[in-house]
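Here are my notes on the model you sent, set out as numbered points. They begin with a single buried position and then move outward to rings and sheets.

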Amino acid sequence: MLSYPVLAFHGTGQANIDPITSLGFKAPGESGFKHATDTGWYGKGVYFSEYPSYSMPYIKGGNRILLCQVLPGKVYQCSSLIHGSPLMKGYDSHTSPDKKELIIFNSHHILPCYILHYTHAHGDFKYKRSIKVTKSVDELKKLYETAAKMPATKILTGLTFHLAGKLADKHSEIYNLIIKHGGKTATQQQLYMGVTLVAATSEMKLETPSVKVSLAENAQVPIVSEDFLYDRIITQQKKDVSGYVFS
């Protein structure tokens with residue numbers, strides 16, 4: 001069986017966790033194997049899910065859940081309930097119709113890796129960035145005006161930029177400034193490695209990230225304050241983005 005491991009959760013009674021981590025899982029046909037609630041809706045195996053909410057209902061009397069590596073191999077996707085059925089011939093595992101539950105039938109295909117301790121959250125989680133504001137809007141405007149008066153240079157050669165939010169001037173004017181000093185511009189669809197996103201501080205303070213910021217974060221693109229551009233043009237020094245990146 002050629003298979004890459006999948007990280008998946010398994011919920012069980014708290015008394016079972018230590019024996020599982022010490023001795024491993026039991027699979028159908030092995031001594032000590034039993035289903036906690038039913039015969040197995042999608043086959044008589046050990047149930048996992050990449051979604052913790054699917055595994056948590058099986059936890060009894062505690063706040064610990066197992067995170068394991070499992071080898072699914074060739075997966076049979078169930079189209080309906082097959083209570084307690086053995087492994088389908090020619091397959092290595094089963095999955096539920098919505099592909100959110102993975103059923104493993106061989107204990108050698110399961111490696112318990114982590115015991116996760118959790119608490120239930122109250123309300124929705126809201127991500128807030130730590131934004132360090134070093135320059136005011138007026139200061140950025142003055143920097144831009146100074147940079148705009150500088151003669152053409154090549155100080156931005158090798159760098160590609162995309163803009164987001166309300167900056168010191170219209171995006172079209174700042175793009176012209178970038179090109180004037182040897183830089184290149186990218187479209188929103190080109191926000192991937194090799195591109196730097198220049199964002200307004202107000203854009204980074206939004207409770208819900210904008211599409212551009214989300215794309216950049218997912219692509220691990222550096223997101224910098226606009227003074228990175230202006231400082232580099234004015235000083236003619238190849239300043240590193242690390243001093244301007246939003247954390």
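1. In this predicted model, serine 49 is in contact with Ala8, Phe9, Tyr54, Ser55 and Lys100, once its neighbours within four places in sequence are left aside. The residue itself belongs to the loop that runs between β2 (46-48) and α2 (52-55).

2. Is serine 49 buried or exposed? Its relative accessible area is 3%, and because buried means under 20%, serine 49 counts as buried. A polar atom of its side chain lies 2.5 Å from the backbone oxygen of lysine 100, a residue that also appears in the list of contacts of serine 49.

3. Lysine 100 deserves a second look, since two separate entries concern this residue. While its backbone oxygen faces the side chain of serine 49 at 2.5 Å, its charged end sits over the ring of tyrosine 51, with 5.1 Å to the ring centre. A further lysine, at position 74, lies over the face of tyrosine 91, and here the distance from the ring centre is 5.0 Å.

4. On the sheet that includes β2, please check the strand order, which is β2-β6-β5-β4 in an open sheet of four strands with mixed pairing. β2 and β4 (75-77) are the edge strands, each of them pairing on one side only. Direction ignored, neighbouring strands of this sheet are turned against each other by 30° on average.

5. Within that sheet, strand β5 (residues 93-95) pairs with strand β6 (residues 102-104) in the antiparallel sense, and three bridges connect them. For the register of this pair, one may take serine 93, which stands opposite isoleucine 104 in β6.

6. Another open sheet of four strands has parallel pairing and the order β9-β8-β10-β11. Its edge strands are β9 (184-185) and β11 (223-224), each of which pairs on one side only.

7. How many bridges join strand β8 to strand β10? There are five, between residues 160-164 of β8 and residues 195-199 of β10, and the two strands run parallel. Phenylalanine 161 stands opposite threonine 196 in β10.

8. Phenylalanine 161 returns in the ring analysis, where ring pairs link Phe161, Phe228 and Tyr244 into a cluster. A search of the whole structure finds six aromatic pairs. When such pairs are tabulated, a pair of aromatic rings is described by the distance of the centres together with the angle of the planes.

Definitions and conventions: Residues numbered from 1 in each chain as written. Predicted model: local features only at pLDDT ≥ 70, side-chain atom pairs only at ≥ 80, totals over all residues. Heavy atoms only, no water. Pairing = 2+ DSSP bridges. Buried < 20%, exposed > 50% of the residue type's maximum accessible area, 1.4 Å probe, protein only. Polar contact = N/O pair within 3.5 Å; in protein donor to acceptor, adjacent residues only side chain to side chain. Contact = heavy atoms within 4.5 Å. Phe/Tyr/Trp six-rings, centres within 6.5 Å; stacked < 30°, edge-to-face > 60°. Lys NZ or Arg CZ within 6 Å of the ring centre and 35° of its normal. Axes fitted to C-alpha atoms, helices over the stretch in contact; angles between N-to-C directions.
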